[in-house]
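Student: I would like a close look at one part of this protein. Please take the second largest pocket and work outward from there.

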Amino acid sequence: MKLPVFVVDAFTAKAFRGNPAAVCLLENKLDEDMHQKIAREMNLSETAFIRKLHPTDNFTQSSCFGLRWFTPASEVPLCGHATLASAAVLFDKIKNVNNTLTFVTLSGELKARRAEDSIILDLPVYPAHPQDFHEVEDLIKTAIGDTLVQDIRYSPDTRKLLVRLSDTYKRSFLENLKVNTQDLPQVENTGKVKGLILTLKGEPGGQTQAFDFYSRYFAPWVGVAEDPVTGSAHAVLSSYWSQQLGKKDMHAFQCSHRGGELEISLRPDGRVDIRGSTAVVLEGTLTA
């Protein structure tokens, strides 16, 4: 078996920043267990598998493909950065002729379209509802100790817990915050939570670029201690911060060690456009 494989840094124009994803092109059907084996071998937060939907399809001319995402531990229902990476491979490396690509996924049809020097993802918006603190107190205390919390929301569709830190904190506090992810799967083992979003209101622009909000994302329940830049988390964050700020167009920064920028636009049809750049850093062949 020989598979074309790429590693793409998503939500950044610079190599070795943003969030890396592996992208595999499947000319033929792959044994089911092989997806997970390859993802474990790649050992990145996500490995994406693009497959043809019909025997006559090809990666250069066709505009609709199947897409699946795997962490080193399990398959996931949605991954924004690996979708961005997949579109970048098809557009930039395979030279797909279409301006818009459609991916058939576990989260329905997702679209990616060219936009000058970047790509725009069309993702669903996932609302987050008020969450009683006492139900998730142990999880939050384990993760961030006595850090001051301003708001807590829960997204049942994505099983993500959104924790907004106090507005008294600055970006540097979130960047340097030590988060205990190792114990979270033991503390929260009911299956209710599969991802923890920490977020903070942005700061006015001064000497540094202005952002509407900041975030970090943790998913030890699916084998990812901290994800560098997370499109699916912003499908939740975009709804929350749009309500809080009264804005439809926002500029976000995920302040992990690698860091990544996202341009967000909420649409009237209940979906969100997330715009990001990419950098292809590796191209090769996977043999097994």
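Tutor: What follows starts at that pocket, moves through its strands, and ends with other spots worth a look. Keep in mind that this is a predicted model.

The second largest pocket has a volume of about 280 Å³. Its lining counts 16 residues. Closest to the centre are Phe11, Thr12, Ala13, Gly260 and Glu261. Three strands give two or more residues each: S15 (249-254), S16 (260-266) and S17 (271-276). S16 gives the most, with four residues. By type, the lining splits into four nonpolar, seven polar and five charged residues.

Take Phe11 next. Phenylalanine 11 sits in the loop between strand S1 (2-10) and strand S2 (19-26). Its backbone is worth checking: phi is positive, about 65°, although the residue is not a glycine. Is phenylalanine 11 buried or exposed? It is buried, because its relative accessible area is 2%, and the cut-off for buried is under 20%.

The loop between S1 and S2 also holds phenylalanine 16. Phenylalanine 16 has a positive phi too, about 70°, again without being a glycine. Its exposure is another matter. Phenylalanine 16 has a relative accessible area of 65%, so it counts as exposed; that label needs a value over 50%.

Now the strands of the lining. S16 and S17 pair in the antiparallel sense, over four bridges. One bridge joins isoleucine 264 to isoleucine 274 in S17. The two strands form a hairpin with four residues between them. In that hairpin, glycine 270 takes a positive phi near 85°.

S17 has a further partner. Strand S8 (residues 118-124) pairs with S17, also antiparallel, over six bridges. Here leucine 123 stands opposite valine 272 of S17. As background for reading these strands, side chains in a regular strand alternate between the two faces of the sheet.

Next comes strand S18 (residues 278-287), which contains glycine 284. Glycine 284 is partly exposed, because its relative accessibility is 27%. Leaving out residues up to four places away in sequence, glycine 284 touches Leu3, Pro4 and Val5. Its C-alpha atom is 38 Å from that of glutamine 186, a residue 98 places away along the chain.

For context, turn to the largest pocket. About 420 Å³ of space lies there. It is lined by 23 residues, with Val76, Pro77, Leu78, Thr158 and Lys160 nearest its centre. Strand S5 (75-76), strand S13 (213-219), strand S14 (224-227) and helix H6 (231-245) each supply at least two lining residues. The lining of the largest pocket divides into nine nonpolar, seven polar and seven charged residues.

Finish with the aromatics. The structure holds seven aromatic pairs. One is tyrosine 169 with phenylalanine 173: the ring centres are 3.8 Å apart and the planes lie at 5°, so the pair is stacked. Tyrosine 169 counts as buried because its relative accessibility is 16%. Phenylalanine 173, at 27%, counts as partly exposed. Elsewhere, Phe211, Tyr214 and Phe253 form one aromatic cluster.

Technical notes: Residues are numbered from 1 along each chain as its sequence is written. This is a predicted model: local features need pLDDT of at least 70, side-chain atom pairs count only at pLDDT 80 or more; totals for chains, interfaces and linings use all residues. Side-chain values use heavy atoms; hydrogens and water are left out. On a 1 Å grid over the protein atoms alone, a cavity is a set of points where a 1.4 Å probe fits but cannot get out, and a pocket is an open set with protein on both sides within 12 Å along at least five of seven lines; lining residues have an atom within 4 Å of a point. Grid points are joined across faces, edges and corners, and a volume is the space filled by probe spheres set on the points. Ala, Val, Leu, Ile, Met, Phe, Trp, Tyr, Cys and Pro count as nonpolar, Asp, Glu, Lys and Arg as charged, and the others, Gly among them, as polar. Two strands pair if DSSP finds at least two bridges between them. Buried means under 20% relative accessible area, exposed over 50%, partly exposed in between (1.4 Å probe, protein chains only). Contact means heavy atoms within 4.5 Å. Rings of Phe, Tyr and Trp (its six-membered ring) pair if their centres lie within 6.5 Å; planes under 30 degrees apart count as stacked, over 60 as edge-to-face and the rest as tilted.
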